[in-house]
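The exercises below ask you to work through a structural model step by step, with each task followed by its solution. Please keep the sequence and the coordinates at hand while you read.

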Amino acid sequence: MDILGTLQTLWETSGFYMAASDWRQIVMIAVACVLLYLGIVKKFEPLLLVGIAFGCLLTNLPGGGMYHAELWDGMIAGTVGYGDILKQGGLLDVFYIGVKAGVYPSLIFLGVGAMTDFGPLLANPKSLLLGAAAQLGVYMAFLLAVLLGFTGPEAASIGIIGGADGPTAIYLTTQLAPHLLGAIAIAAYSYMALIPLIQPPIMRLLTTKAERECKMEQLRPVSKTEKILFPIVVCIFVILLLPSTAPLIGCLMLGNLLRETGVTDRLSDTAQNALMNIVTIFLSTSVGATTVADKFLTPQTLAIIVLGLLAFSFSTAGGVLFGKIMYKASGGKINPLIGSAGVSAVPMAARVSQVEGQKANPANFLLMHAMGPNVAGVIGSAIAAGFLLAVFGG
């Protein structure tokens with residue numbers, strides 16, 4: 001028996017040998033460890049970032065064969081089908097089918113709908129305008145991305161980061177620019193976690209002390225009938241307007257209807273907890289798997305990270321500036337700080353509005369008022385994604 005030959009074969013088939021032949025995989029393993037640190041120690045969107053980071057780690061450990069980017073490139077080219085993925089792919093390839101088919105983001109929206117109270121929005125329907133205004137970052141980042149040389153579908157996928165809605169960003173990117181999914185997902189969830197740092201300076205810069213001190217009246221009570229009718233009406237109107245939003249809006253409103261009917265509590269509980277947690281594991285690890293070294297370590301990734309920050313900043317500014325218009329139009333009855341909550345990061349953005357409002361006036365209680373534009377932002381980001389998909393998805 002040739003012991004030396006056997007040892008040499010073992011060495012040459014080991015991941016250590018393979019990693020030594022491509023420095024980029026070593027860099028990506030380090031990136032995965034940094035992301036794990038941010039998720040675990042710094043608590044940056046840990047429920048998703050930990051899974052994304054571990055998926056990144058698994059896909060860049062050479063020799064594991066858990067994810068095959070070439071198979072998905074073949075699917076884009078039309079030479080590979082889902083059957084081939086199931087036969088030839090690894091574990092993370094199978095997980096990724098749910099992302100590519102739009103199943104996981106839609107199921108996440110089902111859980112989000114079941115957890116969301118649209119009462120503050122119904123009590124103050126003008127909040128919809130703030131949610132719409134806070135989508136400014138989507139279109140500004142889109143235009144900037146086009147100027148930097150990205151294609152229309154790529155720019156649309158980058159722009160949706162400004163909606164501050166991870167599942168929406170993932171859904172749109174898998175349809176339009178799947179090769180950018182890893183970078184876009186990491187940028188979106190990282191900046192969502194940094195909202196308490198990104199938004200306050202912009203909010204203070206764009207408002208006066210008197211505007212920040214504005215105290216709002218208590219919201220009116222919302223009837224059970226209104227809450228039940230709302231998801232049905234929104235589902236019909238929005239999907240008829242933009243059919244491409246059907247998976248996201250349909251699941252969001254179904255989840256909310258399960259919450260509000262009062263006769264489907266078990267289903268609502270499952271959507272909020274067990275189903276949401278299971279899908280989050282599959283979604284995060286399979287998204288992380290797309291961060292293969294040769295696709296992630298590119299100048300495009302750095303550009304996406306910068307554009308993502310600008311998208312969040314423009315979205316915050318858009319909401320606050322429209323809030324100032326509403327402040328003037330209402331005779332000083334609407335605090336413009338709630339406009340920053342028009343991004344879709346529920347409920348973090350609403351909490352930032354509350355904190356900044358109380359800093360200016362300790363008697364200020366803006367949380368419930370800010371929840372209106374905050375949940376409007378969820379609908380607004382899905383509509384923005386549907387519009388971009390309708391334009392570039394053909």
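**Exercise 1. Backbone geometry in the loops**

Where is the place of Pro-347? Find it in this predicted model, and then describe the backbone at Glu-45 and Ala-164.

Solution. Begin with the secondary structure: Pro-347 belongs to the loop between H22 and H23. Next, inspect the peptide bond that leads into this residue from Val-346, which turns out to be cis, with omega near -5°. Then turn to phi: Glu-45, although not a glycine, has a positive value of about 40°, and this residue sits in the loop between helix H3 (23-40) and H4. Ala-164 likewise is not a glycine and has a positive phi, here of about 55°, and its position is in the loop between helix H12 (152-159) and H13. Finally, consider accessibility: Ala-164 counts as buried because its relative accessibility is 1%, where the cut-off for buried is under 20%.

**Exercise 2. The largest pocket**

Characterise the largest pocket by its volume, its central residues, the elements around it and the chemical make-up of its lining.

Solution. The volume comes to about 870 Å³. Of the 33 residues in the lining, those closest to the centre are Glu-45, Val-112, Met-115, Met-276 and Val-346, so that two residues from the previous exercise return here: Glu-45, with its positive phi, and Val-346, from which the cis bond runs to Pro-347. Several helices give two or more residues to the lining, among them H4 (46-60), H8 (103-115) and H23 (348-360), while the largest share, five residues, is that of H20. Sorting the lining by residue class gives 22 nonpolar, six polar and five charged residues.

**Exercise 3. The cavities**

How many cavities of 30 Å³ or more does a search of the whole structure find? Describe the lining of each.

Solution. The search finds two. The largest cavity holds about 120 Å³ of space, and its lining includes Tyr-67, Trp-72, Asp-73, His-179 and Lys-295. Helix H5 (69-77) and helix H7 (91-100) each give two or more residues to this lining, with H5 giving the most, four residues. By class, the lining of the largest cavity has six nonpolar, two polar and three charged residues.

The second largest cavity holds about 60 Å³. It is lined by 14 residues, of which His-179, Leu-180, Ala-183, Lys-295 and Phe-296 are the closest to its centre. Two or more residues come from each of H14, helix H21 (293-296) and helix H22 (299-329), and the lining divides into six nonpolar, seven polar and one charged. Comparing the two lists, His-179 and Lys-295 appear in both linings.

**Exercise 4. Cysteines and disulfides**

Which cysteine sulfur is nearest to that of Cys-235, and how far away is it? Decide from this how to classify Cys-235 and Cys-251.

Solution. The nearest sulfur is that of Cys-251, 9.3 Å away. A disulfide requires two cysteine sulfur atoms within 2.5 Å, and therefore Cys-235 is in no disulfide. Cys-251, whose nearest cysteine sulfur is in turn that of Cys-235, is in no disulfide either, and the count by this rule is zero. As a last step, compare accessibility with the 20% cut-off for buried: Cys-235, with a relative accessible area of 22%, is partly exposed, whereas Cys-251, at 19%, counts as buried.

Key
Residues are numbered from 1 along each chain as its sequence is written. This is a predicted model: local features need pLDDT of at least 70, side-chain atom pairs count only at pLDDT 80 or more; totals for chains, interfaces and linings use all residues. Side-chain values use heavy atoms; hydrogens and water are left out. On a 1 Å grid over the protein atoms alone, a cavity is a set of points where a 1.4 Å probe fits but cannot get out, and a pocket is an open set with protein on both sides within 12 Å along at least five of seven lines; lining residues have an atom within 4 Å of a point. Grid points are joined across faces, edges and corners, and a volume is the space filled by probe spheres set on the points. Ala, Val, Leu, Ile, Met, Phe, Trp, Tyr, Cys and Pro count as nonpolar, Asp, Glu, Lys and Arg as charged, and the others, Gly among them, as polar. Buried means under 20% relative accessible area, exposed over 50%, partly exposed in between (1.4 Å probe, protein chains only).
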